Amino acid sequence: MNLNIKFFIIEKIATLFRRSRIFILRIKGYQIPYSTIIERNCILDRLNPKGIHIGKNCLIASGTVILTHDHCKRVDSLPYMTDTYIGDNCFVGIRAFIMPGVKIGNEVIVGSMSVVTKDVPSNCIVAGNPAKIIKTGITMNERAEWSNWPGLIQNTED
């Protein structure tokens, strides 16, 4: 079988599984568009699913934790609930933690195993514990891929 045909078939099957996973999450109350990829073993806050807002064309890697509540802070004996936002065209690396109430801008890369405790502006890379900005001025495409990384050979057709 031709490699291109095999890849095409695998991609269609993977898309079917990805969309069914998003469909189930939307039934549970999460606000996630079908263009976003949520890999397996992600932990999305179940206590406040409507508080998770993920933009279009994001890739959330395996093992990522996204929280929307804090048990240490209490309001009328209940955990403090807040909304957590991830913008469009973002990539969140493996096992990253997004803490409650954080707003991540558009076109952001969150490094693997980072702990995001504060808001992140658009078009940057954050990494570490706590996550800090390590690069600004990046652009991401609709596949959550860094499109202006150093060393990228760009077609310059004049």
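The dialogue below goes through a predicted model and the grounds for the terms applied to its parts.

Visitor: What makes up the secondary structure of the protein chain, and what does its C-alpha trace span?

Guide: The chain comes to 1 helix and 15 strands. Along the principal axes its C-alpha trace spans about 60 × 35 × 25 Å.

Visitor: Why is Thr68 called buried?

Guide: Its relative accessible area is 0%, and buried means under 20%, so Thr68 is buried. Thr68 lies in the loop between β5 (65-66) and β6.

Visitor: Which residues are in contact with Thr68, leaving aside its neighbours within four places in sequence?

Guide: Among them are Asp45, Asn48, Gly51, Ile52, Tyr80 and Pro100. The criterion is heavy atoms within 4.5 Å. As for Ile134, 66 residues from Thr68 along the chain, the two C-alpha atoms are separated by 25 Å.

Visitor: How do you know that β6 and β7 are paired?

Guide: Two strands pair if DSSP finds at least two bridges between them. Strand β6 (residues 69-75) and strand β7 (residues 78-81) have 4 bridges, in the antiparallel sense, so the criterion is met. Within this pair, Asp70 stands opposite Tyr80. The two strands form a hairpin with 2 residues between them, and Asp76 in the turn has a positive phi of about 55°.

Visitor: What makes β3 and β11 edge strands?

Guide: Each of them pairs on one side only. They belong to an open sheet of 3 strands in the order β3-β8-β11, with parallel pairing. β3 and strand β8 (residues 84-86) pair over 3 bridges, and at least two are required, so these strands count as paired. In that pair Ile54 stands opposite Ile86.

Visitor: Which residues have the most contacts inside the largest nonpolar core?

Guide: They are Ile54, Ile60, Ile86, Ile104 and Val110, in a core of 25 residues. The elements that give two or more residues to this core are α1 (3-27), β3 (52-54), β12 (108-110) and β14 (124-127). Apart from neighbours within four places in sequence, Val110 is in contact with residues including Phe91, Ala96, Ile104, Val116 and Val126.

Visitor: Why is the link between Arg143 and Glu145 called a salt bridge?

Guide: The closest N and O atoms are 3.4 Å apart, and the limit is 4 Å, so the pair qualifies. A search of the whole structure finds 1 salt bridge.

Visitor: Are these two residues buried or exposed?

Guide: Arg143 has a relative accessible area of 59%; exposed means over 50%, so Arg143 is exposed. Glu145 is at 35%, in between the cut-offs of 20% and 50%, and therefore counts as partly exposed.

Visitor: What makes Ile9 eligible for a nonpolar patch on the surface?

Guide: Ile9, in helix α1, has 39% relative accessibility and counts as partly exposed. Patch residues need over 30%, so Ile9 passes that cut-off. The patch consists of Ile5, Phe8, Ile9, Ile13 and Phe17, with about 500 Å² of accessible area together.

Visitor: What are the corresponding totals for the protein chain?

Guide: Of its 158 residues, 37% count as buried. The chain exposes about 10,000 Å², of which carbon and sulfur atoms supply 57%. Among contacts between residues at least 6 apart in sequence, 24% join residues at least 24 apart.

Definitions and conventions. Residues numbered from 1 in each chain as written. Predicted model: local features only at pLDDT ≥ 70, side-chain atom pairs only at ≥ 80, totals over all residues. Heavy atoms only, no water. Core = buried A, V, L, I, M, F, W, Y, C linked by side-chain atoms within 4.5 Å. Buried < 20%, exposed > 50% of the residue type's maximum accessible area, 1.4 Å probe, protein only. Salt bridge = Lys/Arg side-chain N within 4 Å of Asp/Glu carboxyl O. Patch = residues over 30% accessible without salt bridge, like charges linked within 9 Å, V, L, I, M, F, W, Y side chains within 5 Å. Areas by Shrake-Rupley, 256 points an atom, 1.4 Å probe, with all protein chains shown as cover.
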